[in-house]
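Student: I am new to this structure and would like to learn how to read its features. Where should a reader begin?

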Amino acid sequence: ALCPTSLVSVVAALCVCDLSPAQCDVNCCCDPDCSSVDFSVFSACSIPVVTGDSHFCSQKAAVYSLNLTADPPQRVFKLVDQINPSIFCVHITNYKPALSFINPEVTDESSFDKLMKAPDGFSLNAESDVSTRLDAPQTAKYEYGVYLQTSDSFLRFPSPLTSSLCTDNNPAAFLVNQAVKCTRRINLEYCEEMETLSMAYYSSPRILRDCTLQVPITVQSIVIRSLNKTLTRLEDTEILRVSKQGVVEAGPVEICTNVVLEVTYSLTYTDAGEVIKADLFLLLGAVSSAMVPLQQKFEVYFIQQNTKPVPLSGNPGYVVGLPLVAGFQPQKGLTKALTCQLLAQKMKSLLKGQGFPDYVAPFGNSQAQDVLDWVPVYFITQTSHESCQLPVALTVEVKWTKYGSLLNPQAKIVNVTANLISSSFPETNSGNERTILISTAVTFVDVSAPAEAGFRARPTINARLPFNFFFPFV
């Protein structure tokens, strides 16, 4: 849970030497059936340290020992943090049953009929609560990738798993923007009974901000799509009218109305890792038998408090036609200049434009806080000692490369060079006018290395013959 419970009782309850039920086992210091009188006659603790799973990098450990100098001897119990020295350890797990073997559920005649009637398809343990299978955040604030908790479970974000069918027990994670499409098999006769098609299924959960405060999900917009694809946005007074889906008959055709087609969550968070606002945007529509199986779209994105979302130019590689993501550092200080220098500065400002960047993002979705990953813009100025040098052209060369898999290469910027070209002009008297032509140009250069397919090394055959293989010839 968002408010973690004490781990003392969990580790202290583990006892591998407790073999006899309702009886004290000799020298078993963790046996709950043993009393202080039993501990006084123990010679040593057969199991001095009790831990959970040894694969974890850090975990609580219960340490048992005997104080033989006391009269009578007493058992000593301590709870310590144990660090796993192995570099191959599990830092955190989101599915605890995966660390042990699980007895498969055997389907009998009664459970088979129940599973066949389930609207979400044939799956075992479909009704089990996701909170029993997933780890909860261990701190009172959310961190990146931690599942968003609600008052009763986790914020469910339907998505395809092994097939295109929607899996409803998939949780949404903090700061993980997602946009997926999945299909759902429905029976129009029972569409009123399917909660995953109703608006309330996505608007009723309350996200936990901390241990006590809950953030309700506010419906900000509802758009209705008819069978002929026309869109109508509802007013606030009409929301109750579409809060429940229903079946209507249009002649021989059955139509299920007010079905959720698209769901978009907009979650606002603070620097401290708290979700303070949750907005919901819905697209509802009518579904006929020709639209079955139904395709639904789900999206969740996060916005930091007091900031505006920045449009991306790719994810991660740049997309052709989208602008380069750039940034700049404000310059401080002013210098006095002569007439020619003032004019040169003015023309340089015209060529560079407002807010000429100091850095360019390597990918279309690079984050502003990752400053070390950004590509600096190298600005080259050609100068000479002639009378008056005025900038007349600015050329920008962007070098990019194909990055990643050969099947899906991503465009990555590796170098940006801006060259300011100047030309000499004789100084003129005050009041004379002169027309100067200026130009700018941007070129993109592909510096990708030739793609080379990699092959694994040939396997070596370590064959050993028995010592008497060539007997009796040798």
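**Reading the salt bridges**

Tutor: Begin with one pair: the side chains of Glu274 and Arg209 form a salt bridge, at 3.1 Å from N to O. Glu274 sits in the loop between S11 and S12 and Arg209 in the loop between S7 and S8, so the bridge ties together parts that are 65 residues apart in sequence. Keep in mind that this is a predicted model.

Student: What is the general idea behind such a pair?

Tutor: Side chains of opposite charge can pair when their charged atoms come close.

Student: Is Glu274 buried or exposed?

Tutor: Glu274 is buried, because its relative accessible area of 11% is under the 20% cut-off. Its partner Arg209 has a relative accessible area of 26%, so Arg209 counts as partly exposed.

Student: How many salt bridges are there by this rule?

Tutor: The count comes to four. One of them joins Asp168 and Arg184, with 3.0 Å from N to O. Asp168 lies in the loop between strand S5 (166-167) and S6, while Arg184 belongs to strand S6; the two are 16 residues apart and link distant parts of the chain. Both Asp168 and Arg184 are buried.

Student: Which residue forms a salt bridge with Asp279?

Tutor: Lys277 does, and the closest N and O atoms are 3.7 Å apart. Asp279 counts as buried because its relative accessibility is 8%. Lys277, at 41%, counts as partly exposed.

Student: How do I read a nonpolar core?

Tutor: In soluble globular proteins, nonpolar side chains tend to be buried together. Here the largest nonpolar core has 32 residues, and Leu148, Tyr265 and Leu267 touch the most other members. Several elements supply at least two residues each to this core, including strand S6 (178-184), helix H4 (200-203), strand S8 (214-225) and strand S11 (253-269).

Student: What does Leu148 touch, not counting residues up to four places away in sequence?

Tutor: Its contacts include Tyr142, Phe154, Ala172, Phe174, Leu267, Val275 and Phe302. Apart from this core lies another, of 15 residues, among them Leu351, Leu394, Val398 and Ala418.

Student: Which nonpolar residues form a patch on the surface?

Tutor: Leu324, Val442 and Phe444 do, with about 280 Å² of accessible area together. Leu324 is found in the loop between S13 and strand S14 (326-327). Its relative accessible area is 34%, so Leu324 is partly exposed.

Student: How do I read paired strands?

Tutor: In a regular strand the side chains alternate between the two faces of the sheet. For the pairing itself, look at the direction and the bridges. Strand S17 (residues 389-403) and strand S18 (residues 410-424) run antiparallel and are joined by 14 bridges. Trp400 stands opposite Ile413 in S18. The hairpin of S17 and S18 has six residues between the strands, and Gly404 there takes a positive phi near 105 degrees.

Student: In which sense do S17 and strand S19 pair?

Tutor: S17 pairs with strand S19 (residues 439-446) in the parallel sense, over eight bridges. Glu397, for example, has Thr443 in S19 as its bridge partner.

Student: How far apart are Asn419 and Gln382 in sequence and in space?

Tutor: They are 37 residues apart in sequence, and their C-alpha atoms are 7.9 Å apart in space. Asn419 lies in strand S18. Leaving aside neighbours within four places in sequence, Asn419 is in contact with Ile380, Gln382, Ala393, Leu394 and Thr395.

How values were computed:
Residues are numbered from 1 along each chain as its sequence is written. This is a predicted model: local features need pLDDT of at least 70, side-chain atom pairs count only at pLDDT 80 or more; totals for chains, interfaces and linings use all residues. Side-chain values use heavy atoms; hydrogens and water are left out. A nonpolar core is a set of buried Ala, Val, Leu, Ile, Met, Phe, Trp, Tyr and Cys residues joined through side-chain atoms within 4.5 Å. Buried means under 20% relative accessible area, exposed over 50%, partly exposed in between (1.4 Å probe, protein chains only). Helices (H or I, at least four residues) and strands (E, at least two) are DSSP runs, numbered from the N terminus. Contact means heavy atoms within 4.5 Å. Patches are made of residues with over 30% relative accessible area and no salt bridge: like charges are joined within 9 Å, nonpolar side chains (Val, Leu, Ile, Met, Phe, Trp, Tyr) within 5 Å. Accessible areas come from the Shrake-Rupley method with a 1.4 Å probe; for residues, only the protein chains shown count as cover. Two strands pair if DSSP finds at least two bridges between them.
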